[in-house]
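Work through the exercises below with the structure open. Try each task before reading its solution.

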Amino acid sequence: MAQDMRELRNYITAKDGYEYAEVADGLVCLHITHSNLRATIVDIRLDMHMTLAEVKEKVYRHCGTKPDYMTLVLKSGSTVIGIMDDERRMLGYYPVQHGMTIHVVDNDPFSLAKGGGLEDVPLIKKYEISEEDYDKRANTVRNYKREQIAKDPNWKPPVLMGAGLRGIKKDYGPETVEGIDVGMRCEVTPGGRRGRVAYVGVVPELASSEVEGYWVGVVFDEPVGKGNGCVKGTRYYDCLDKFGGFIRPPNVQVGDFPPQDELLSDEDDEF
C-alpha cells in the first residue's frame, strides 16, 4: 500500500516546477484573490508589458470591482511582496513571477461583492409580485386567456407543435416502399450514404409501441452502417459488419447512385 501511494505521489508531482515551462516569453501566470470573494482565479495569463491600469481593467472583468476602488497587493504564498500602486508602470516593473498572487482589496463602500453579495445565493434579492398585482397586468398569459374566454366560452389554448403526439403510433405501411426493390442502387439520409437495397419488408424485432411497419435493408458501399443484416438472431440479408443497416423508407432514395469512388476522375485517382 505504501509503495502504491509513493508511486501515485510521484506521478502527480512529476511535473512540479515545470508547469509554466511552456508559457510564452513576456507572459506571467498569476492567481487573483479578492477581499470580498472566496473564489480564487487560478493562473490568469498577463502580459508583462501591460500597464497596471490595464491590469486593473482586466481584473475588473473577473471580480467586478471598479479599477478606481482597487488596491492591488502582490503576494508570494502568504508573504506580502508589496503594494502595486503606480498605474503608469508596466506589470514587469514589479517583481512578479509565475505562481504569485495579486490580491485585490475592494475599497468600494457600496461594493456588490461585500458581505457575500456575489457568491451567497440566499442574499440575492429576487423579484416577487403578488397575485393581485399580476392579475392587473395586461400583457400576461392569464389576461390573454381571460380575453379569449370572454369572446368564446368554449375557447381552448392552441396545441403547440409536437405536443400531444405521444401515444400516437407511427406506421410505415406498404405504400411507403412502393418503387423500392431489392437490388436497386440507393442513397440514404442523413449523410448521403450510398449502397444497394438488400431487403424490403417488416422487421418484427425492431417494432416498438411508438412505431411499426416496413424497413429497407441496405448494404452500404463503405462501413458506415450499424450492422450486418442480422437483427437479434434473425438473418435478413448478408454483408460485412458495419456495412449494413435498416432504414425507414422516407430516408431511402433509389435511383442512379453509383459508388462514390466511381465518381472520381482519373486525375483525382492519381493523388
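The model is predicted. The protein chain exposes about 19,100 Å². Carbon and sulfur atoms supply 53% of that area.

**Exercise 1. Take stock of the chain.** State how many helices and strands the protein chain has, and what share of its residues is buried.

Solution.
- Step 1: The secondary structure comes to 5 helices and 13 strands.
- Step 2: Buried residues make up 29% of the 271 residues.
- Step 3: Turn to the contacts with a separation of 6 or more. Residues 24 or more positions apart account for 55% of them.

**Exercise 2. Decide where to trust the coordinates.** Find the average pLDDT of the protein chain and the share of residues that score at least 70.

Solution.
- Step 1: The average pLDDT is 86, and 89% of the residues score at least 70.
- Step 2: Over residues 262-271 the pLDDT is below 50. Beyond near neighbours in sequence, this stretch has 3 contacts in the model.
- Step 3: Low pLDDT means that predicted coordinates should not be read in detail.

**Exercise 3. Trace the partners of β3.** Which strands are joined to β3 by bridges, and in which sense do they run?

Solution.
- Step 1: Start with β5 (residues 101-106). This strand runs antiparallel to β3 (residues 70-76), and 6 bridges join the two.
- Step 2: Add β4 (residues 79-84). β3 and β4 also run antiparallel, with 5 bridges between them.
- Step 3: Use Leu74 as a marker. Its bridge partner in β5 is Ile102, and in β4 Leu74 stands opposite Gly82.
- Step 4: Inspect the turn. β3 and β4 form a hairpin with 2 residues between them. Gly77 in that turn has a positive phi of about 65°.

**Exercise 4. Do likewise for β8.** Identify the pairing of β8 with β7 and with β9, and give the number of bridges for each.

Solution.
- Step 1: β7 (residues 185-188) and β8 (residues 193-202) pair in the antiparallel sense over 4 bridges. Cys186 has Gly195 of β8 as its bridge partner.
- Step 2: These two strands form a hairpin with 4 residues between them. In the turn, Gly191 has a positive phi of about 100°.
- Step 3: β8 pairs with β9 (residues 211-220) over 7 bridges, in the antiparallel sense. Here Val202 stands opposite Tyr214 in β9.

**Exercise 5. Compare two residues of β2.** Are Asp43 and Leu37 buried or partly exposed? Which residues do they touch beyond four places in sequence?

Solution.
- Step 1: Place Asp43 in strand β2 (residues 37-47). Leu37 is in β2 too.
- Step 2: Apply the cut-off. Buried means under 20% relative accessible area. Leu37 has 19% relative accessibility, so Leu37 counts as buried. Asp43 is partly exposed, at 33%.
- Step 3: List the contacts, leaving out residues up to four places away. Asp43 is in contact with Tyr20, Cys29, Leu30 and His31. Leu37 touches Cys63, Ala113, Leu118 and Glu119.
- Step 4: Check the C-alpha distances. Leu37 and Cys63 are 8.1 Å apart in space and 26 residues apart in sequence. Asp43 and Gly99 are 7.1 Å apart in space and 56 residues apart in sequence.

**Exercise 6. Sort the salt bridges.** How many salt bridges does the structure hold? Explain what the pair Glu87 and Lys56 ties together.

Solution.
- Step 1: The structure holds 10 salt bridges.
- Step 2: Glu87 forms one with Lys56, and their closest N and O atoms are 2.9 Å apart. Glu87 lies in the loop between β4 and β5 and Lys56 in helix α2 (residues 52-63), so the pair ties together parts that are 31 residues apart in sequence.
- Step 3: Check exposure. Lys56 counts as buried at 6% relative accessibility, whereas Glu87 is partly exposed at 34%.
- Step 4: Take Asp135 and Arg142, whose side chains meet at 3.6 Å, N to O. Asp135 is partly exposed at 36%, and Arg142 is partly exposed at 31%.
- Step 5: Arg235 forms a salt bridge with Asp238, at 3.5 Å between the closest N and O atoms. Arg235 is partly exposed at 41%; Asp238 is exposed at 60%.
- Step 6: Look for shared partners. They join Glu131, Asp135, Arg142 and Arg146 into one network of salt bridges.

Terms used: Residues are numbered from 1 along each chain as its sequence is written. This is a predicted model: local features need pLDDT of at least 70, side-chain atom pairs count only at pLDDT 80 or more; totals for chains, interfaces and linings use all residues. Side-chain values use heavy atoms; hydrogens and water are left out. pLDDT is the predictor's confidence in each residue, from 0 to 100. Contact means heavy atoms within 4.5 Å. Two strands pair if DSSP finds at least two bridges between them. Buried means under 20% relative accessible area, exposed over 50%, partly exposed in between (1.4 Å probe, protein chains only). Accessible areas come from the Shrake-Rupley method with a 1.4 Å probe; for residues, only the protein chains shown count as cover. A salt bridge is a side-chain nitrogen of Lys or Arg within 4 Å of a carboxyl oxygen of Asp or Glu.
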